[in-house]
Amino acid sequence: MDGWLLLAQLFNGLQLGLLLFLLAAGLSLIFGIMDFIHLSHASFYMLGAFVGAGMMALSGSLIVALVVAVIVVFLVGVLVEWLIVRRLYQRDHLDHVLVSYGLILVFDTGAHMLWGSGGNVIPLPAALNGQFEVGGLLIPRYRLLIILCGLMVAVGLYFLVTRSRLGMLIRAGASNRTMVSALGVNIDALYRIVFAIGAMMAGFAGFLIAPITEASIGMGNEIIIIAFVVVIVGGIGSVQGAFYAALLIGFMDTLGRAYLDDLLRLFLSTQAAETAAPALSAMLVYVLMAGVLVCKPQGLLAPTGFHKKIKLRDV
Amino acid sequence: MFDKPPSLRLRPSLSGGVYLSLVVALLLAPIAIALSGQAFYLDLLTRAIILALAVASLNLIVGGGLVSLGHAAYLGIGAYSVAIPTHYEIHHGMLHLLFAVGGSAVFALLTGAICLRTKGLYFILITLAFSQMLYFTVVSLDEYGADDGMVLAQRSQFNGWLDLNNAATLYYFALCALLLFLLVMHQLLRAPFGRVIFGSKHNEQRMRALGFATYRYQLLCYVISGAVCGVAGFLLGNFTDFVSAEMMDWSDSADLLFMLIIGGVGALFGPIIGALAFLLLQEVLSGFTVYWQLIFGGLLIALVLLVGKDGLHGMLIGAQRKMQSGKMQSGKMQNSKAQNSAAQP
């Protein structure tokens, strides 16, 4: 096994993990505080990418594009929460799934109307194109930027959640919603801000990935499912859990894709290994999720006191 | 013999005549379509009936409080039980059907045993996880078309006594399967089995305290539902002549849930109404504009927000009640008029 190759794969895993974290952190809070299954989180991811690409074409500045994209996604988040989502908190999960799926249809088609059916690329400025060379390792500069941004948001969110008043409310909301509202906190406003912050982070993730994969319709619909896996594995409502789980799943997915066939070849025929490896590596994260749900449904790092009521049924 | 006390009625329902005329209309539809010469509508109707069967199987578990976001997996299993044997030139229909039912039941048993250890939101996500596992397994099977799917060389053969290539035969086959399942479900829900399922939806602890092994009942319910959806997959594979992993994408599972809620959750005939309305709406809107999904999504959101789980079936019941109370009122008014005129000669 080539050491540099392994390092490059670890690097890719880190990048995927941090992107997943940006998606999953908001999702986890929305899940934990509002108990809302937010499939349409994927749409905000897509929206961030499209608005970013549009602004990039208009202004030519990556920073302007980023700022506008993040603000637009935040505002759309506020709007969607106010118009639709807040009416659903009292409803059951079936309604959540259906409405957020309906929202995905609306957003996907809306993007199709506004930006056409083709993909939109965010062209990178020359300074970000190209690669660093460290020893035998080539690191694309932009990927390094993604990692830095991801880490910065993670640190920022950590301070927001653990050090600020809003963060205190968020933590309290995730561990006992009823008590927070009983203490006279304006729970509606808290919900709205959490929803919009979550949307904003998803939009940021979409913006970051757009120069690599380009903005396309339905781009979030697959990664959102992985983000749900991250949320479950990390523990619903836990930002910290989402961080570790996102990294775990990022590494697992990347390394699985890269090395699983080698591993399987040790005890399977080459052909069998080549057939089984892609399936297994794609399944790996779901197997992990099923395992966590069965053995430790509250997640690996659930916030203390949260969902104590969830325990396995005795069979 | 006792009459059933009204509180035991599972759900309010329309008057029997409405359902009967729906069934008669479905039975006569191919004739009307043949007379009008619009063969396309038979295709639409066949698809609706096949999907209604899948939705009805989903209705069994969702009505029992188990919301699955992975039910399209069984459509896939059913469809591949036609495609894979056909790939090896085994065309025997009964065998395909056996694979579809058996395969789905085994998958439902294995995954259900795990899924049912969780509840609510966790149940939704774990069913999703299992269907994704199946999806990725199928996508990686190069022998069976992987991403591209497989085209069926021919449809399932039933030794000449059933020709599925005939559109009307396929339609009636699907309709029989659907009506048969609805009949079984109707009986099942009124049997102790159904009572236990409903009971555990509302208060599981109490059902267990009464001595029912609710887990086993729910597992059985889940397996029945999966196996029936496998039959729908068998029909769908034969109908489209093409199978692919896309059939079990999570958005298809969401579509099934949508048809269910359009029709009305827990209503026996809800799935038929839902599937018909869903496909007709799709058909009409997509003819109207390329961006039909915008309106479609909006309508679905509005439906969930404003109408809720009883769907069109619930709206029909509301309309029926209004009509009845309207009649009663007008009847009363006539009565009182008659009395008045009698009192003042």
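Modeller: A residue counts as buried if 20 or more other C-beta atoms, placed from the backbone, lie within 10 Å of its own, as exposed if 12 or fewer do, and as partly exposed in between. This is a predicted model, in which local features need pLDDT (the predictor's confidence in each residue, from 0 to 100) of at least 70, side-chain atom pairs count only at pLDDT 80 or more, and totals for chains, interfaces and linings use all residues. Residues are numbered from 1 along each chain as its sequence is written, while chains are lettered from A and ligands numbered from 1 in the order in which they are written.

Biologist: Is A:Glu214 buried or exposed?

Modeller: A:Glu214 is partly exposed, because 15 other C-beta atoms lie within 10 Å. Most residues other than glycine have a negative phi. A:Glu214, although not a glycine, has a positive phi of about 65 degrees, and this residue is found in the loop between α8 and α9 of chain A. Helices here are DSSP runs of H or I with at least four residues, strands are runs of E with at least two, and both are numbered from the N terminus.

Biologist: Which residues of α5(A) are buried?

Modeller: In α5(A), the buried residues are A:Ile146, A:Gly150, A:Val153 and A:Leu157, and they pack against α1 (3-34), α8 (187-213) and α10 (239-265) of chain A. An α-helix has 3.6 residues a turn, so residues three or four places apart point the same way.

Biologist: At what angle do α2 and α10 of chain B pack?

Modeller: Two packed helices are described by the angle between their axes and the distance between the axes. Helix α2 (residues 39-62) and helix α10 (residues 250-263) of chain B pack at about 80 degrees, with axes 9 Å apart; they are therefore roughly perpendicular to each other, a term for angles of 65 to 115 degrees. Among the residues that make this contact (C-beta atoms within 7 Å) are B:Leu51 and B:Val55 of α2(B) and B:Leu257 of α10(B).

Biologist: How many residues does each chain give to the contact between chains A and B?

Modeller: Chain A gives 37 residues and chain B gives 37 residues. On the side of chain A that touches chain B, the largest share, 16 residues, comes from α4(A), and the residues of that side divide into 27 nonpolar, six polar and four charged. Ala, Val, Leu, Ile, Met, Phe, Trp, Tyr, Cys and Pro count as nonpolar, Asp, Glu, Lys and Arg as charged, and the others, Gly among them, as polar.

Key: Two residues are in contact if their C-beta atoms, placed from the backbone, lie within 7 Å. Axes are lines fitted to C-alpha atoms, for helices over the stretch in contact, and angles run from 0 to 180 degrees between N-to-C directions. Angles under 35 degrees count as roughly parallel, over 145 as roughly antiparallel, 65 to 115 as roughly perpendicular and the rest as oblique.
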